[in-house]
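This report examines selected features of a predicted model. It takes up the cysteines, a sheet, the nonpolar cores and a helix in turn.

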Amino acid sequence: MLSFESDYTEGAHPEILRRLTETNLEQLSGYGTDRYTASAKEKIAAACGLPLATKESHAGAQIVFLTGGTQTNQLVIDTMLHPYEGVLSAQTGHVSVHEAGAIEYTGHKVLPLPAHDGKMHAAELDAYITDFYADGNHEHMVFPGLAYISHPTEYGTLYTKAELTDLSNICHKHKIPLFLDGARLGYGLESRQTDLRLQDIARLCDVFYIGGTKVGALCGEAVVFTRANQPAHFDNLIKKHGALLAKGRLLGIQFDTLFTDNLYFKISRNAIDRAEELKAVFTDKGYKFYLDSPTNQQFVILENKKMAALQSKVAFSFWEKYDESHTVVRFATSWATTPQSIAELAELL
């Protein structure tokens, strides 16, 4: 059976498995204090165009490795907010829809803004915060404390450099941090239609993460606090959330491998190349797209009977109801998708 269900259905890139195997019997210190984790941090900081922050300096990147996206979103948002604050998100944002109320579970409300093909508009963010403080009853309300976006968005769309700059400026104007969820960041950076580079994201965001789970790793996300602004005693807070991995080497070795010889970017490009082929297949056969996605997630409108027939031979994801007789479904390519699987899908269609 063919599968385009998601970008984390495969295991890990063979080079990661090789490195994990060859280092398996090394005795390394725990909780991310090993030399491979240190090396990974240095490589990621260099890729971001930032120095690594030290105990003596108050500038540069602070990098932490966590195991999964929901865990990362919850931990970053919870630790960066005051108890009386909530997080601003596009209504379709991952923290708003597909994380089972993980943010609310920590006592922080998700404050939804209109979504435009998955994106938040800077003007609407500005208006929300301005209107909040203009309300004479705002002390009885949830304060807007952080802006959350994802890149790519839930709909595979991308922020432009101008859009991200505008969001960053609004956040700085209102003195709240801008947090970018990069679970699929590699696919956004390697899109043929992007004008954003990793260094731009590091410059414009207060905190973001580089997704590994969906981009070639067994698991893992690399959180980058860009202005030495990591919450105090962060390891303690990670442990309090049950998220401090004793065998931190597992994450360090994977990211050290991904950021050696541009592997992260090379394998991300494969997903984009295969997605372009997949788009051509659907277009040639007369299928319609819900929107134009420039990344590895493609949203196709299927007639319900056709969808049911196709599901017996191909795995893909339900996304949303389109009308009474049609459904929007998602086909996702990954770092491991082969040209052969695209050809097989074309033949099947």
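The count of disulfides in this predicted model is 0. A disulfide requires two cysteine sulfur atoms within 2.5 Å. The sulfur of Cys-171 has its closest cysteine sulfur in Cys-205, at 8.7 Å, and therefore lies too far away for a bond. The converse also holds, since the closest cysteine sulfur to that of Cys-205 belongs to Cys-171, again at 8.7 Å. Cys-171 is buried, and Cys-205 likewise counts as buried.

| Cysteine | Closest cysteine sulfur | Distance | Relative accessible area |
|---|---|---|---|
| Cys-171 | Cys-205 | 8.7 Å | 0% |
| Cys-205 | Cys-171 | 8.7 Å | 0% |

The next topic is an open sheet. Four strands make up this sheet in the order 9-10-13-12, and their pairing is antiparallel. Its edges are formed by strand 9 (288–289) and strand 12 (317–323); each has a single partner strand, so one side of each has no neighbour in the sheet. Strand 12 pairs with strand 13 (residues 326–332) through 5 bridges in the antiparallel sense. Within this part of the sheet, Asp-323 has His-326 of strand 13 as its bridge partner. In general, the strands of a sheet pair by way of backbone hydrogen bonds, in either a parallel or an antiparallel manner. Helix 13 (residues 304–311) lies across strand 10 (297–303) and strand 13, and its direction makes an angle of about 115° with strand 10.

Attention now turns to the nonpolar cores. The largest comprises 57 residues, of which Ile-44, Leu-125, Phe-208 and Ile-210 touch the most other members. Beyond its neighbours within four places in sequence, Ile-210 is in contact with several residues, including Ile-44, Leu-185, Leu-198, Val-224, Phe-255 and Phe-259. Gly-182 and Glu-221 are also among the contacts of Ile-210. Another core, of 22 residues, lies apart from the largest one; among its members are Val-207, Tyr-209, Val-223 and Phe-225.

Which residues of helix 14 are buried? In this helix (residues 339–348), they are Ser-341, Ile-342, Leu-345 and Ala-346. Viewed down the axis of helix 14, these buried residues occupy an arc of 145°, and so they line one face of the helix. An α-helix has 3.6 residues a turn, so residues three or four places apart point the same way. Gln-340 and Glu-347, by contrast, are exposed on the other side of helix 14. The packing partners of the buried residues of helix 14 are strand 1 (2–3), helix 12 (263–284), strand 11 (314–315) and strand 13.

Note on methods
Residues are numbered from 1 along each chain as its sequence is written. This is a predicted model: local features need pLDDT of at least 70, side-chain atom pairs count only at pLDDT 80 or more; totals for chains, interfaces and linings use all residues. Side-chain values use heavy atoms; hydrogens and water are left out. Buried means under 20% relative accessible area, exposed over 50%, partly exposed in between (1.4 Å probe, protein chains only). Two strands pair if DSSP finds at least two bridges between them. Helices (H or I, at least four residues) and strands (E, at least two) are DSSP runs, numbered from the N terminus. Contact means heavy atoms within 4.5 Å. Axes are lines fitted to C-alpha atoms, for helices over the stretch in contact, and angles run from 0 to 180 degrees between N-to-C directions. A nonpolar core is a set of buried Ala, Val, Leu, Ile, Met, Phe, Trp, Tyr and Cys residues joined through side-chain atoms within 4.5 Å. The arc is that of the directions from the helix axis to the C-beta atoms.
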